[in-house]
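Have the model open and ready to rotate? Let's take a walk through it together, beginning with charged pairs and ending with a few single residues.

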Amino acid sequence: MLYARTVNFDFTHFDDDAIILAQSDALTHAPDFEKIFTTDAFGGEENPYYRPLQTLSFNLSGWISGEISPIAMHSVQVLLFIGVVLGLFAVLLCLGIIPLWAFILSCIYAAHPLFVSSVTWLPARGDLLMSLAGIWSFYFFIQFCHSRKMWHLILCSLIYTFALFSKETTAFLPFAFLLYYLLLSPIKTLSVKEGM
């Protein structure tokens, strides 16, 4: 509810004009995966920002709605942020935080003004996608550390790959995995249980 009014926001013309509006023809048609995965966030080859899942998400929003609609784009931003907050809640529960405190901490995160620009500024889609995939990847890593089930590790790796394709700063996440494994993991062996 906190971010519901943002769905009526317009484009800011601060990078969203170059990332979304300048590519409106391509973003309202079926995804061209070759172009999406071989160009940068601005649709060219000169920029170091390689964020194909960000571009794909803009493309899917435009293709499904049939136009470059700020309402559709901002609605996706809000839904992604909800997924991030739910992921944080799940991770806090996995870390042994009691449900009430996990809920309170998740609400503080959701309402903190630091994250307003991530939800309201459309070019921050990469940050939201990275956060969403990163938090759920970490969740499945924690699950793997407790259960040693291969499917948890596979999901962790797959979702981490999505995070890497969302924003390049995700490269730090394996260090968080390592810290968790060394400091908090209940089982310190690298074995995997038989079966899935």
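How many salt bridges does the count come to? Keep in mind that this is a predicted model. With a side-chain nitrogen of Lys or Arg required within 4 Å of a carboxyl oxygen of Asp or Glu, the count comes to two salt bridges.

Start with Glu168 and Arg51, whose closest N and O atoms sit 2.6 Å apart. This pair ties together distant parts of the chain: Glu168 belongs to the loop between α9 (150-164) and α10 (173-183), while Arg51 belongs to the loop between α3 (33-36) and α4 (52-65), and 117 residues separate them. How do the two partners fare for exposure, buried or partly exposed? Glu168 has 32% relative accessibility, so it counts as partly exposed. Arg51 has 12%, so it goes down as buried; the cut-off for buried is under 20%.

Now look at the other pair, Asp127 and Lys167, where the closest N and O atoms are 2.3 Å apart. Here, too, distant parts of the chain are linked: Asp127 is in helix α8 (residues 125-147), Lys167 is in the loop between α9 and α10, and the two are 40 residues apart. Asp127 comes out at 21% relative accessibility, so it counts as partly exposed. Lys167 has a relative accessible area of 15%, and therefore it is buried. Put the pairs side by side and you'll see that Glu168 and Lys167 both come from the loop between α9 and α10.

That loop has another residue to look at, Thr170. Is Thr170 buried or exposed? Its relative accessibility is 1%, so Thr170 counts as buried. Setting aside neighbours within four places in sequence, Thr170 is in contact with Met130, Tyr160, Ala163 and Leu164. Check those names against the helix ranges: α8 runs over residues 125-147, and α9 runs over 150-164.

Time to zoom out. What does the secondary structure of the chain come to? There are ten helices and zero strands, so the pattern along the sequence reads α-α-α-α-α-α-α-α-α-α. Taken along the principal axes, the C-alpha atoms fill a box of roughly 50 × 35 × 25 Å. For 196 residues, a compact globule would be expected to have a radius of gyration near 16 Å, and the chain's 18 Å agrees with that.

How does the chain pack? Of its 196 residues, 42% count as buried. Take the contacts between residues at least 6 apart in sequence, and 69% of them join residues at least 24 apart. As for the outside, the accessible surface comes to about 10,700 Å², with 72% of it belonging to carbon and sulfur atoms. Charge is worth a look as well: the chain carries 9 positive and 14 negative side chains, and the centres of these two sets lie 19 Å apart.

Next, head over to helix α4, where you'll find Ser61. With a relative accessible area of 9%, Ser61 is buried. Which residues does Ser61 touch, not counting those up to four places away in sequence? They are Glu67, Met73, Val76 and Arg125. His74 makes a handy distance check: Ser61 and His74 are 13 residues apart in sequence, and their C-alpha atoms are 9.8 Å apart in space.

Finally, go back to the segment before α1 (16-19), where His13 is placed. Most residues other than glycine have a negative phi. His13, though not a glycine, has a positive phi of about 60°. Its relative accessibility is 52%, so His13 counts as exposed. Asp15 lies in the segment before α1 as well, and this residue also has a positive phi, of about 80°, without being a glycine. Asp15 has a relative accessible area of 30%, which means that it is partly exposed.

One more residue in the segment before α1 is Arg5. Its relative accessible area is 64%, so Arg5 is exposed. To place Arg5 against the rest of the model, try Ser57 as a reference: the two are 52 residues apart along the chain, and 21 Å separates their C-alpha atoms.

Key
Residues are numbered from 1 along each chain as its sequence is written. This is a predicted model: local features need pLDDT of at least 70, side-chain atom pairs count only at pLDDT 80 or more; totals for chains, interfaces and linings use all residues. Side-chain values use heavy atoms; hydrogens and water are left out. Helices (H or I, at least four residues) and strands (E, at least two) are DSSP runs, numbered from the N terminus. Buried means under 20% relative accessible area, exposed over 50%, partly exposed in between (1.4 Å probe, protein chains only). The radius of gyration is taken over C-alpha atoms; the globule rule is 2.2 Å times the number of residues to the power 0.38. Contact means heavy atoms within 4.5 Å. Accessible areas come from the Shrake-Rupley method with a 1.4 Å probe; for residues, only the protein chains shown count as cover. Lys and Arg count as positive and Asp and Glu as negative; His and the chain ends are not counted. The place of a charge is taken as NZ of Lys, CZ of Arg, CG of Asp or CD of Glu.
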